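The following exercises concern a single protein chain. Each task is followed by a solution that proceeds step by step.

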Amino acid sequence: MAKLMIMSSKPAAARILVVDDDEREQLGLSNMISALGYIAETAMDGEEALQKLASGSFDAIVTDLVMPGMDGFGLLRNLLEIGDPTPTVVLTGVGSIDQAISIVHDYHAFWFLEKPARPGTLQALLQRAISFKNLVTETRRLQRQLSHKGVLGDLVGTSVPMRHVFSQIEQVAPTSARVLIAGESGTGKEMVAGAIHKLSPRAAGPFFAINCAALPESLMESELFGHEKGAFTGAVGTRAGCFEHAHQGTLFLDEIAEMPMAMQAKLLRVLEECKVRRLGGKNEIPVDVRVLAATNRPIEEAVEKKFLREDLYYRLNVFQISLPPLRNRKEDIPILAEALIRGLNEKNGTRVTDLHPEAMARLVNHSWPGNVRELRNALERAVIVAGEGAILPSHLPPGFRVPAGKPAPPIRSSENTITVEAGKQLHEVEEAYIRLTVKQANNNKRRAAQILGISERTLHSRLAEFAAADAELTSSARAASSGNGSGG
């Protein structure tokens, strides 16, 4: 009688990299690790450890701190910079526990182990480290699966431009590199910053976002760097700034090109030295912060026109991600609409199921000068009006109710309103609205800037651009007129 034999596959033993320049200690530690059932490999210093990590994967690292060549500190710094998730256990001498705890916090080591290592303690620590590595690996695998389906964090899209953005985020997130995010207003720059943070080794740390264009210049330094009691009128107590709050996490500086030049110089110094000094303070405070920045201006133009310091640009632009406008990825509108409707139903207590084909056609045919933010606002109104079932064309905002394909009329301004149909470019709409707001504010630039939610500096800059364009048009018209007269 034939027998069926079932072979059970035993899981492969975890691989542990031991880094120590003392051959005797290295041998003793590797033998102990092997006796615990793991595969032990050795390296004499940080450089050799990095070479071995580049050629193969390890489940955990056990390293000494003091070594010739690249020491344990250098190894931890390099692991942090390249985004290597391998958990590292640091060996420390008796009496240096404070230093060991500092290493865990500042260099993101997994934990520390006091010398001499004991088998029971080492085994418990390695088991935890290996479980952590498996969890990180599985999380990244699931995130890659989601990104292939068109979802990465709060970002949604299956178009070629968005798949490229997802790929860039997955590349840069595990590293410590600074990232400069470019894109029009409403394209989702803060969502990109949030996805980078969530996929980074700093994910457990804080994420702070600050809009540089929305902060009054007089408060910006205090907001970023903090202030001491009595530093200025109204400073009734000491206050930490965003850099301190974001320690061991990520700070996102939106609209960086709207930051005043003097403040950009101070920011540059903080990025170079990794220290902040509170307004009115004397002492410098070390900060460990990954800085991400964004601008809705074309980056080269921002540098050329002196909105963004060139030296700051080079500091921030280690890695650049450019977000496509929605009009260049309209194939994403159905999947975006589906995701947005789910969230809006939850927010508003509605039961909308989908979009009527004609309503979808009108969304796809819109030019979307406000990008995904405009799409979200249009859908929120439609969800509230519809309440349940499918969104019909009649549920959409007024500008979307005309049949798809009908030519869009020009921008129309009355005494206190602007009417804009589909088909106008963002800069045209922006210019018309800014001019009307300044007019309604009786040419009071400060009041107009408050209404618009931008700084006075930004308003003056935009008005100067409009004036320059008007002058150029007038000059061209005169030249054309002169040419026609002389040519007969």
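**Exercise 1: Helix α10**

Helix α10 is followed by C274, whose phi is positive, near 55 degrees. The structure is a predicted model.

Task: Determine how the span of α10 compares with the span expected at 1.5 Å a residue, and establish where its buried residues lie around the axis.

Solution.
Step 1. Helix α10 comprises 13 residues, 261-273. From its first C-alpha to its last it reaches 19 Å, which is close to the expected 18 Å.
Step 2. Residues count as buried under 20% relative accessible area. In α10 these are M263, Q264, L267, L268, V270 and L271.
Step 3. Viewed down the axis of α10, the buried residues fall within an arc of 165 degrees, so they line one face of the helix. An α-helix has 3.6 residues a turn, so residues three or four places apart point the same way.
Step 4. The elements against which the buried residues of α10 pack are α8 (217-225), α9 (242-245), β12, β13 (275-276), β15 and α12 (310-316).

**Exercise 2: The sheet containing β12 and β15**

Task: State the strand order of the open sheet that contains β12 and β15, and identify its edge strands.

Solution.
Step 1. The sheet has five strands in the order β9-β12-β15-β8-β16, and the pairing is parallel.
Step 2. The edge strands, each pairing on one side only, are β9 (207-211) and β16 (319-322).
Step 3. From one strand to the next, the twist averages 20 degrees.
Step 4. Strands β12 (residues 249-254) and β15 (residues 289-295) run parallel and are joined by five bridges. L251 has V291 in β15 as its bridge partner.
Step 5. Helix α6 (residues 160-172) packs on this sheet, touching β8 (179-182), β15 and β16. The direction of α6 makes about 155 degrees with that of β16.

**Exercise 3: Helix α1**

Task: Test whether the end-to-end distance of α1 agrees with its residue count, and assign its buried and exposed residues to sides of the helix.

Solution.
Step 1. Helix α1 (residues 23-35) has 13 residues and should therefore span 18 Å at 1.5 Å a residue; its end C-alpha atoms are 18 Å apart, in agreement.
Step 2. Q26, L29, S30, M32 and I33 are the buried residues of α1. They cover an arc of only 160 degrees around the axis, which puts them on the same side of α1.
Step 3. On the other side of α1, the exposed residues are E23, R24, L27 and A35.
Step 4. At the start of α1, a side-chain oxygen of D22 comes to within 3.0 Å of the backbone nitrogen of R24. The residue that follows α1 is G37, with a positive phi near 100 degrees.

**Exercise 4: The sheet on which α1 packs**

Task: Describe the sheet on which α1 packs, and explain why one side of each edge strand is left without a neighbour.

Solution.
Step 1. This open sheet has five strands, ordered β2-β1-β3-β4-β5, with parallel pairing.
Step 2. Strands β2 (39-43) and β5 (111-114) stand at the edges with a single partner strand each, so one side of each has no neighbour in the sheet.
Step 3. The twist averages 25 degrees from one strand to the next.
Step 4. Within the sheet, β3 (residues 60-63) and β4 (residues 88-92) pair in the parallel sense over three bridges; V89 in β4 is the bridge partner of V62.
Step 5. Helix α1 touches β1 (15-19), β2, β3 and β4, and its direction makes about 160 degrees with that of β2.

How values were computed. Residues are numbered from 1 along each chain as its sequence is written. This is a predicted model: local features need pLDDT of at least 70, side-chain atom pairs count only at pLDDT 80 or more; totals for chains, interfaces and linings use all residues. Side-chain values use heavy atoms; hydrogens and water are left out. Helices (H or I, at least four residues) and strands (E, at least two) are DSSP runs, numbered from the N terminus. The expected span of a helix is 1.5 Å times one less than its number of residues. Buried means under 20% relative accessible area, exposed over 50%, partly exposed in between (1.4 Å probe, protein chains only). The arc is that of the directions from the helix axis to the C-beta atoms. A polar contact is a pair of N or O atoms within 3.5 Å; within protein, one must be able to donate a hydrogen and the other to accept it, and residues adjacent in sequence count only if both atoms are side-chain atoms. Two strands pair if DSSP finds at least two bridges between them. Axes are lines fitted to C-alpha atoms, for helices over the stretch in contact, and angles run from 0 to 180 degrees between N-to-C directions. Contact means heavy atoms within 4.5 Å.
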